[in-house]
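Here is a short, friendly tour of one protein model. Have the viewer open and follow along as we go.

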Amino acid sequence: MLNKNEELYVVNKIESLQDFYERLKIRHPDVTIPSVETVTNVGHFGVFKRSTHCSAQPSPYNRRDYYKISLILGSGILHYPNQRIIVKERGLLFTNPNIPYAREATSETQAGFFCLFTENFIHNRNESLRESLLWKLQGCPIISINQHQEKIFMELFAKMMAEMESMYVHKYDMLRNYIQLIVHEALKVQPPDTYVRENNAAVRLTSMFIELLERQFPIGSTDHILELRTPHDFAERLAVHVNHLNHAVKEVTGRTTSEHILKRIATEAVALLSHTEWNVGQIAYCLGFEYPANFNIFFKRQMQCTPRFFRRERVPS
């Protein structure tokens, strides 16, 4: 198991699509890297077999600037800011630009597929698909599947790989449709109450709030100071009255805007205490606390212990 000094627990910059392909090329020099020149207009899409592209080395802990859907066949661990998810045998993983994470393989055999694509590949072409990828699946990044469901997803990914090799003039529209099918098959696996939400103004505003909140993280350096910390900050950025924002968020999620903000700051505090060597004062400053004592009070209310106690008891030496 990795310790806190190893690569997995370094808070890095946001990984771009180009960064991903360069990292892939280092591990697999024989791999043909797709062109990313189309990112600025029609967007970018790529689909690959995990058996030839996955590495035993853990992926860096950071946020990506692209979406990724992975059909994972093999065991592993997913590291998120506030949780550690064990993947056993098989699962469908959705990641988006909002949430930082790292992946660690724990079995020698890693099979399946993954596809990755940029925001503009789906934006303005299918807003409901984008909402599903950003919102409906955000709280459940990994979906456990059985053998029958595995076969369905394997066939969809195989069709995407075949379509990528075709000369069909509308193949990227076909690929967007395959992504849509994967999302719908994934939503069918989940209990209905985990994703059925009315597509109204409150949901759209809440989605924008959550996205704006998450885009502030992870904190990548001691010079990175949290900018938006109160409901008024978010309401001003979203150009709505704070009462309207609070009502929408409470209606859709059952939690107040402040509760979301405080929980996310606490989650980042846990990540920084666990994954960096920064002192408590530096972490407090990055999270917008003028004085470490105020951060200590906040952290104790959220986590029922002080930052120093948490680091001493929870982080392995």
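Which residues are linked in a network of salt bridges? Glu15, Arg23 and Arg64 form that network. Keep in mind throughout that this is a predicted model.

**Overall make-up**

The protein has 317 residues, and 51% of them count as buried. Its secondary structure consists of 13 helices and eight strands. Taking contacts between residues at least 6 apart in sequence, 73% join residues at least 24 apart. The accessible surface is about 15,800 Å², with 52% of it belonging to carbon and sulfur atoms.

**The five-stranded sheet**

Five strands make up an open sheet in the order 1-7-2-5-8, and their pairing is antiparallel. The edges are taken by strand 1 (45-49) and strand 8 (142-143); each has a single partner strand, so one side of each has no neighbour in the sheet. Further in, strand 2 (residues 67-73) and strand 5 (residues 90-95) run antiparallel and are joined by six bridges. One residue to pick out here is Leu73, whose bridge partner in strand 5 is Arg90.

Two helices can be placed against these strands. Helix 1 (residues 17-27) lies across strand 1, strand 2 and strand 7 (111-117), and runs at about 145° to strand 7. Helix 6 (residues 171-189) lies across strand 1, strand 2, strand 5, strand 7 and strand 8, at about 120° to strand 5.

**Strands 3 and 4**

Strand 3 (residues 76-79) pairs with strand 4 over four bridges, again in the antiparallel sense. Leu78 stands opposite Ile85 in strand 4. Which side chains of strand 4 (residues 84-87) are buried? Ile85 and Val87 are, pointing to one face, while Arg84 and Ile86 point to the other face and are not buried.

**Salt bridges**

Side chains of opposite charge can pair when their charged atoms come close. Over the whole structure, a search turns up ten salt bridges. Three of the pairs are set out here.

| Salt bridge | N to O distance |
|---|---|
| Arg90 and Glu89 | 3.7 Å |
| Arg237 and Glu227 | 2.8 Å |
| Arg264 and Glu268 | 3.4 Å |

Arg90, already met as the bridge partner of Leu73, is buried at 18% relative accessible area. Its salt-bridge partner Glu89 is exposed, with 54% relative accessibility.

In the salt bridge between Arg237 and Glu227, the closest N and O atoms are 2.8 Å apart. Arg237 belongs to helix 8 (residues 231-238), whereas Glu227 sits in the loop between helix 7 (201-214) and helix 8, so this pair ties together parts ten residues apart in sequence. Arg237 is partly exposed, at 43% relative accessible area, and Glu227 counts as exposed at 56%.

Where do Arg264 and Glu268 lie? Both are in helix 10 (residues 257-275), four residues apart, which is about one turn of the helix. Arg264 and Glu268 are both buried.

**Cysteines**

How many disulfides does a search of the whole structure find? The count is zero. Two cysteines can still be located by their accessibility: Cys286 is buried, with a relative accessible area of 0%, and Cys305 also counts as buried, at 13%.

Methods:
Residues numbered from 1 in each chain as written. Predicted model: local features only at pLDDT ≥ 70, side-chain atom pairs only at ≥ 80, totals over all residues. Heavy atoms only, no water. Pairing = 2+ DSSP bridges. Contact = heavy atoms within 4.5 Å. Axes fitted to C-alpha atoms, helices over the stretch in contact; angles between N-to-C directions. Buried < 20%, exposed > 50% of the residue type's maximum accessible area, 1.4 Å probe, protein only. Areas by Shrake-Rupley, 256 points an atom, 1.4 Å probe, with all protein chains shown as cover. Disulfide = S-S within 2.5 Å. Salt bridge = Lys/Arg side-chain N within 4 Å of Asp/Glu carboxyl O.
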